[in-house]
Amino acid sequence: MITMFQYPHKLSTFLNNVGDFLGYPTLVFMFIATWLAWILFNIARGQKPLPPGPWGLPVVGNLPFLDPELHSYFSNLAKTYGPIFKLRLGGKVSVVIASPGMAREVLKDQDVTFANRDVPVVVTAMEYGGRDIVFTPYGAEWRMLRKVCVRDMLGHANLDAVYSYRRQEIHNTIKYLYSRKDSPVNLGEVMFLNVLNVITNMLWGGTIQGKERTNIGAEFRQVVAEVTKLLGKPNVSDFFPWLAWLDLQGAKKQMKVVTSKLENIFDKIIDQRTQIDGQEGIGSGNGNTESKDFLQVLLRLKDAGDAKTPLTMDHVKALLMDMVVGGTETASSTVEFAMAEMMNKPEIMKKVQTELENVVGKNAIVEEFHIQKLPYLYAVMKEVLRLHPVLPLMVNHSPSVSSVVANYRIPKGAQVFVNVWAIHRDPSIWQSPLEFLPERFLNGKGDYSGNDFNYLPFGSGRRICAGMAMAEKMVLFSLASLLHSFNWTLPAGEKLEISEKFRIVLKKKTPLIAIPTPRLTDPACYE
Ligand code: HEM
């Protein structure tokens, strides 16, 4: 990303020539005077200044200096420029906020104004690009999608109705790990597949069965990986919108190809569902609420129709996509960080296992209803979400009109990032912030529902994570099952490291390789 933008040679020659002609002190004086005049002009117009920030180069602004590890880079800049600063990235203004008070101003006090997103160009190239819940601008369409998502799919009751699909996949994972007992496994990879299968099983597990499901799963996994890669790749078209039509990196074209593959998969699955419904009578779902997967729910809602803001087939596909892209890496990366932190502090792992033994018993497998009786495990999850929030800058917010935050002007359409990673590590808020200490969240402490601006792993306000309940269930159920069924050790001679890398999602820099050793006495628990 950085190497693309070199300092323009012609500009430096031009400045050298002008400097030689006028003399450098005069040049510097003229520059400062123009700058001051510009500030005074804006003050006279009653306009607040933009937030402070590092100087950039003409045209490209701060782009050449960006570090790909944006979360830590932004945290370092905040040490120099304060808890609100701006960067110019090509033609775009980005504002980064790193204080609970300012996060409250953006996400609560001015929630509606900041409830839009700055939509990446590759997203607009997707078949139903920008019409999904994550990127649709705030308004009637977004409200309809959000309602469908939270009320009809991701609420506790709906999630309970598809428990059997989650259970089946977690058991498959435990069975697979048992087949690899006492040998090293890539836990991040196993968890990614586990979460992907759990989510797709909930989405269409009642529609596609057996070998066909395995084949579609493999195809889908590849397409999702390609979509995520394209979403995470910096794109010149985003920084210079006037160049977007050229699609210099071909990202838009690639996204079109990938999403047409996705379209084929969705069409195949939806056709199958329609055929089943044709045979059984629409909405019958075998007359059994337990067996309704999310696809059935969505198709029923589409057919029921809402005259004002109808749910279209494009919306259905976009929602299926959101569940997979929004849910897979976030949840699996959280589980991987949690396992790494506990392997680093085995006494914490032991405490979780003791709690599990007391609640589940040594000869039984974990069921989801056990989860609410595991307060220490819950504290472990909260602590992981504090120390390694997998969306460290959340998803960008963008004001629909020019606004003021902390007495600075945020222009309409700017990209606003809330650096929760920095807030979660702020020593003025947290004691020993860099230490993994689940105890800080015992006795019900740690409300992440968006009311405590010191702790925002799922965001806050209207755009708060739509999949919070599902994330909770998947992370806790996966961790409980991994820790109850196995002891975990590092391969001989390996050292544990827990550093992070920023892609769209925060991930472990090196994959966690660990050895599972069965700890339940009854082999039937692994069948
Ligand atoms: C540990 C797991 C997860 C974490 C930490 C997480 C965190 C977040 C965060 C910080 C946001 C942005 C909030 C904002 O912009 O203010 C978000 C948005 C979203 N998340 Fe999650 N998420 C997780 C899992 C999931 C899952 C499992 C799903 C669904 C299956 C999901 C679906 C969504 C959706 C649809 C949005 C966009 C909401 C909107 O724009 O209205 N997330 N998530």
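**Exercise 1.** In this predicted model, determine which residue follows helix H3 and what sign its phi has, and then check the span of H3 against its number of residues.

*Solution.* The residue that follows H3 is Gly-82, and its phi is positive, near 95 degrees. Turning to the helix itself, H3 covers residues 70–81, and at 1.5 Å a residue its twelve residues should span 16 Å. The end C-alpha atoms of H3 are 16 Å apart, which agrees with that expectation. As a last step, consider the buried residues of H3, among them Leu-70, Tyr-73, Phe-74 and Leu-77; the buried residues of the helix pack against several elements, including strand E1 (84–89), strand E2 (92–97) and helix H17 (420–424).

**Exercise 2.** Locate Arg-425 and find which backbone oxygen its side chain reaches.

*Solution.* Arg-425 lies in the loop between H17 and helix H18 (468–485), and from there its side chain reaches the backbone oxygen of Leu-387 at 2.9 Å. Not counting residues up to four places away in sequence, Arg-425 also touches His-388, Trp-430, Pro-433, Leu-434 and Glu-500.

**Exercise 3.** Identify the protein donor of the iron atom of the ligand, and describe the shell around the ligand by element and by class.

*Solution.* The only protein donor of the iron atom is Cys-465, through SG at 2.3 Å, and Cys-465 is placed in the loop between H17 and H18. Next, take the polar contacts: polar side-chain atoms of Arg-117 and Arg-146 lie 2.7 Å and 3.0 Å, respectively, from an oxygen atom of the ligand. Helix H6 (140–153), helix H14 (313–344) and H18 each give two or more residues to the shell, with H14 giving the most, five residues. By class, the shell has 15 nonpolar, eight polar and three charged residues.

Terms used
Residues numbered from 1 in each chain as written. Predicted model: local features only at pLDDT ≥ 70, side-chain atom pairs only at ≥ 80, totals over all residues. Heavy atoms only, no water. Helix = DSSP H or I, 4+ residues; strand = E, 2+ residues; numbered from the N terminus. Expected span 1.5 Å × (residues − 1). Buried < 20%, exposed > 50% of the residue type's maximum accessible area, 1.4 Å probe, protein only. Contact = heavy atoms within 4.5 Å. Polar contact = N/O pair within 3.5 Å; in protein donor to acceptor, adjacent residues only side chain to side chain. Donors = N, O, S within 2.8 Å, 3.2 Å for Na, K, Ca; no water. Nonpolar A, V, L, I, M, F, W, Y, C, P; charged D, E, K, R; others polar.
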